[in-house]
Amino acid sequence: MSDPYASRASVHEQVLDGFGTVRVLPLDAAADAGVIHRWVSEERASFWGMNGLTRDQVAGIYAHMDTLDTHHAFLMVKDGEPVALLQTYDPEADRVSECYDAEPGDIGVHLLLAPAGADGARPGWTAGLAAVVTTYVLLVLDRKRIVVDPDVRNDKAIARFLKQGFTAGPAVVLPEVDLPDVYLPEKKAQLAFLTREVAFPG
């Protein structure tokens, strides 16, 4: 099977034994809109906040993000198959900074995994993709600590982060953002943190 993403440059590539090769590609808002729209439109992605948006609206959101220096979106591809949407951001430039004391070296992360295929659940995928994300943001980007802010109702995501070694922080209310280019409703979130020392001991 040919890899439709082979010609695209990656910011990080990692081979995981028994899992495959994962590449992290800067998101192409136009080219990747179809895949991302399909993922964010599913009920399981309701916490992502894009249910009900059209493909063009989703493309517009990521085209706008591409103009920012503080927020970045990536498509994670495993052996040529798109498997996750990764967003990174500078907490100092995000509403989360109003809810905790951001420290130098912090980086915010949002991760949306692709839906399981026809074969159902895929054991080990979450851990594998999480390992790639932590390597990329903590080692390649040389950051000291990851902050995540899943919705307090998103029990699956919270449990997943804690299993990966994150430490739960406070439950907070992220304030509404109402700007010409961006609208985000108020969000009750569970903060959690992962330091480089915990992720990569020794």
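**Exercise 1. Which strands does helix 1 (residues 33-40) lie across, and at about what angle does helix 1 run to strand 4?**

Before you start, keep in mind that you're looking at a predicted model.

*Step 1.* Find helix 1 and look at what sits against it. Helix 1 lies across strand 3 (71-78), strand 4 and strand 5.

*Step 2.* Now compare directions. Helix 1 runs at about 85° to strand 4.

*Step 3.* Walk off the end of the helix. You land on S41, in the loop between helix 1 and helix 2 (55-65). With a relative accessible area of 32%, S41 is partly exposed. Leaving out residues up to four places away in sequence, S41 touches N51 and L53. Try V15 too: V15 and S41 are 26 residues apart along the chain, and their C-alpha atoms are separated by 30 Å.

**Exercise 2. Work out the strand order of the open sheet, and find which strands stand at its edges.**

*Step 1.* A bit of background helps: strands of a sheet pair through backbone hydrogen bonds, either parallel or antiparallel.

*Step 2.* Trace the neighbours. The open sheet is formed by 8 strands in the order 1-2-3-4-5-6-10-7, with mixed pairing.

*Step 3.* Check the two ends of that order. Strand 1 and strand 7 (167-174) each have a single partner strand, so one side of each has no neighbour in the sheet; these are the edges.

*Step 4.* Look at the twist. Ignoring direction, neighbouring strands of this sheet are turned by 25° against each other on average.

*Step 5.* Zoom in on one pairing. Strand 5 and strand 6 run parallel and are joined by 3 bridges. For D106, the bridge partner is R145 in strand 6.

**Exercise 3. Take the aromatic pair F19 and W125: how are the rings arranged, and which parts of the chain do they tie together?**

*Step 1.* Count first. The structure holds 4 aromatic pairs.

*Step 2.* Use the geometry. The ring centres of F19 and W125 are 5.6 Å apart and the planes stand at 80°, so this pair is edge-to-face. The reasoning rests on a cut-off: planes over 60 degrees apart count as edge-to-face.

*Step 3.* Place each residue. F19 is in the loop between strand 1 (12-16) and strand 2 (20-26), while W125 is in helix 3 (residues 125-140), so the pair ties together parts 106 residues apart in sequence.

*Step 4.* Buried or exposed? F19 has 15% relative accessibility and counts as buried. W125 is buried as well, with a relative accessible area of 15%.

*Step 5.* F19 has another visitor: the charged end of K78 sits over its ring, 5.1 Å from the centre.

**Exercise 4. Do the same for Y100 and F193: how is this pair classed, and where do the two residues lie?**

*Step 1.* The ring centres are 5.4 Å apart and the planes are at 50°, so the pair is tilted.

*Step 2.* Y100 belongs to the loop between strand 4 (81-89) and strand 5 (106-113), and F193 to strand 10 (residues 187-195); the pair links distant parts of the chain, 93 residues apart.

*Step 3.* Both residues are tucked away from the probe: Y100 is buried at a relative accessible area of 10%, and F193 is buried at 14%.

*Step 4.* Stay with the loop that holds Y100. P104 lies in the loop between strand 4 and strand 5 too, but at 71% relative accessibility P104 counts as exposed. P104 and K144 are 40 residues apart in sequence and 7.9 Å apart in space, C-alpha to C-alpha.

**Exercise 5. Which residues of helix 4 (residues 155-163) are buried, and what do they pack against?**

*Step 1.* The buried residues are A157, I158 and F161.

*Step 2.* Recall a handy rule: an α-helix has 3.6 residues a turn, so residues three or four places apart point the same way.

*Step 3.* Look down the axis of helix 4. Its buried residues fall within an arc of 100°, so they line one face of the helix. That face packs against strand 6 (145-148) and strand 10.

*Step 4.* Turn to the other side, where D155, K156 and K163 are exposed.

*Step 5.* Finish with two details. The charged end of R160 sits over the ring of F161, 6.0 Å from its centre. After helix 4 comes G165, with a positive phi near 105°.

Technical notes. Residues numbered from 1 in each chain as written. Predicted model: local features only at pLDDT ≥ 70, side-chain atom pairs only at ≥ 80, totals over all residues. Heavy atoms only, no water. Phe/Tyr/Trp six-rings, centres within 6.5 Å; stacked < 30°, edge-to-face > 60°. Helix = DSSP H or I, 4+ residues; strand = E, 2+ residues; numbered from the N terminus. Buried < 20%, exposed > 50% of the residue type's maximum accessible area, 1.4 Å probe, protein only. Lys NZ or Arg CZ within 6 Å of the ring centre and 35° of its normal. Arc of directions from axis to C-beta. Contact = heavy atoms within 4.5 Å. Pairing = 2+ DSSP bridges. Axes fitted to C-alpha atoms, helices over the stretch in contact; angles between N-to-C directions.
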